[in-house]
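Subject: Structure for your review

Dear colleague,

Please find below the structure that I am passing on to you. I should be grateful if you would read the notes after it with the structure open.

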Amino acid sequence: MVIAIVGASGAVGQELLQVLAQRHFPISELRLFGSERSAGRKYEFEGKEYEVRLLQHDDAFKGVDIAFVSAGAGVSRMYAEDITRYGAVMIDNSSAFRMDEDVPLVVPEVNAEDALVRPRNIIANPNCTTIQMVVALQAIERLSHIRRVHVATYQAASGAGAQAMKELEQQYRQVLNGEEVTVEKFAYQLAFNLIPHIDVFTDNGYTKEEMKMYHETRKIMHSDVQVSATCVRVPSLRAHSESIWVETEEPVSVAQARAAFEQAPGCIVMDEPEKKVYPMPLFLSGKDEVFIGRIRKDLSNERGLSFWCVSDQIRKGAALNAVQIAEYLVKA
């Protein structure tokens, strides 16, 4: 297949190259695109060197089968017509089209078949926090319909991009050396801190990041589930963590939930608290799956369950999910 990557120099673009190689995705030709800043850079892929082309309004996507786009919502909106004009399927990692009715929003473990109905030849990759949550929720949904979800996220610097990860490392060095701290990518210093603020605040007091989890979960799961989120930036480099509480229509036991998680595609259970076994981002960065632990009944609600999950934001939360969509399209 002829594959294009827009935003090839970014954190997700680089991860896409790794995931495509690791999963032996069938590629006959690879085209890399980027901004003026990254055009001309060269990257090696499966023994060959590829140069990043300047993204512009032209016919560069003619002959492309699938284009992975990870360069921000503005770029996605501006170039969507150029990318899809000749029949390429655009798998978009930005927020540009996620809630458009004629654009499927897909997590393959949950709603892969939605990718087959794409009037504009665009498939949206959900927000990273939503992806890992719905992979876990789908396991419970198969046991009993989920009425309500409360989630607190603990989001690594990787969610703000490669430069944000570098800034966090720099901030730690600056604090420890007694130097003035550089703050550009976050609202405040992130090193040795937590920031309960990701994206901009909306009129209802929730941030756009938190509202994404509400709307996207309902669209992906084709559900009337109510979702209330608090999204927090934490000073870790990679892999997001989430503390999730669910209320189901019928009571679900811990044993039932654990068995469902163990059988669910894309999930790995790490839940032996007596042995201090539970998911942590330090040890799960670079992994593909959603790791689940701390599974327990809610003491205040017989229909309530609580659990903790961790997943690598750059992999499953972005690049891997996009490649899994492409793999599904190839098989379909």
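The notes below cover pockets, salt bridges and the surface.

Please bear in mind throughout that this is a predicted model.

Pockets

The largest pocket holds about 1400 Å³ of space. It is lined by 47 residues, and those closest to its centre are Ser70, Ala71, Gly72, Ala160 and Gly161. Four helices each give two or more residues to this lining: H1 (11-22), H5 (162-176), H6 (208-221) and H9 (315-331). By class, the lining of the largest pocket consists of 22 polar, 16 nonpolar and nine charged residues.

The second largest pocket has a volume of about 170 Å³. Its lining is made up of Arg77, Ser95, Arg98, Met99, Lys208, Met211, Lys212, His215 and Glu216. Helix H6 supplies the largest share of that lining, with five residues. Five of the lining residues of this second pocket are charged, two are polar and two are nonpolar.

Salt bridges

The whole structure contains 19 salt bridges. Three of these pairs are described here.

The first pair to look at is glutamate 216 with arginine 98, whose side chains form a salt bridge with an N to O distance of 3.4 Å. This pair connects distant parts of the chain, since glutamate 216 belongs to helix H6 and arginine 98 to the loop between strand S7 (89-92) and helix H3 (108-111), 118 residues apart. Both residues also appear in the lining of the second largest pocket. Are these two partners buried or exposed? Glutamate 216 has a relative accessible area of 2% and is therefore buried, the cut-off being under 20%. Arginine 98, at 5% relative accessibility, also counts as buried.

The next pair is glutamate 109 and lysine 316, where the side chains meet at 2.9 Å, N to O, in a salt bridge. Because glutamate 109 lies in helix H3 and lysine 316 in helix H9, this contact ties together parts that are 207 residues apart in sequence. Glutamate 109 and lysine 316 are both buried.

Another salt bridge joins aspartate 312 to arginine 238, with the closest N and O atoms 2.8 Å apart. Here too distant parts of the chain are linked: aspartate 312 is in the loop between strand S14 (304-311) and H9, while arginine 238 is in the loop between strand S10 (226-233) and strand S11 (240-248), 74 residues apart. Aspartate 312 has a relative accessible area of 0%, so it is buried. Salt bridges with shared partners bring Glu15, Arg238, Asp288, Asp312 and Arg315 together in one network.

Surface

Met280, Leu282 and Phe283 make a nonpolar surface patch of about 340 Å². Of these, phenylalanine 283 is in helix H8 (residues 281-284). Why does phenylalanine 283 count as exposed? Its relative accessibility is 53%, and the cut-off for exposed is over 50%.

Aspartate 100 is found in the loop between S7 and H3, the loop that also holds arginine 98. With 26% relative accessibility, aspartate 100 counts as partly exposed. Its C-alpha atom is separated by 18 Å from that of phenylalanine 68, and the two residues are 32 positions apart along the chain.

With kind regards

Technical notes:
Residues numbered from 1 in each chain as written. Predicted model: local features only at pLDDT ≥ 70, side-chain atom pairs only at ≥ 80, totals over all residues. Heavy atoms only, no water. Patch = residues over 30% accessible without salt bridge, like charges linked within 9 Å, V, L, I, M, F, W, Y side chains within 5 Å. Areas by Shrake-Rupley, 256 points an atom, 1.4 Å probe, with all protein chains shown as cover. Salt bridge = Lys/Arg side-chain N within 4 Å of Asp/Glu carboxyl O. Buried < 20%, exposed > 50% of the residue type's maximum accessible area, 1.4 Å probe, protein only. 1 Å grid on protein atoms, 1.4 Å probe; cavity = no way out; pocket = protein on both sides within 12 Å on 5 of 7 lines; lining within 4 Å. Points joined across faces, edges and corners; volume = space filled by probe spheres on them. Nonpolar A, V, L, I, M, F, W, Y, C, P; charged D, E, K, R; others polar.
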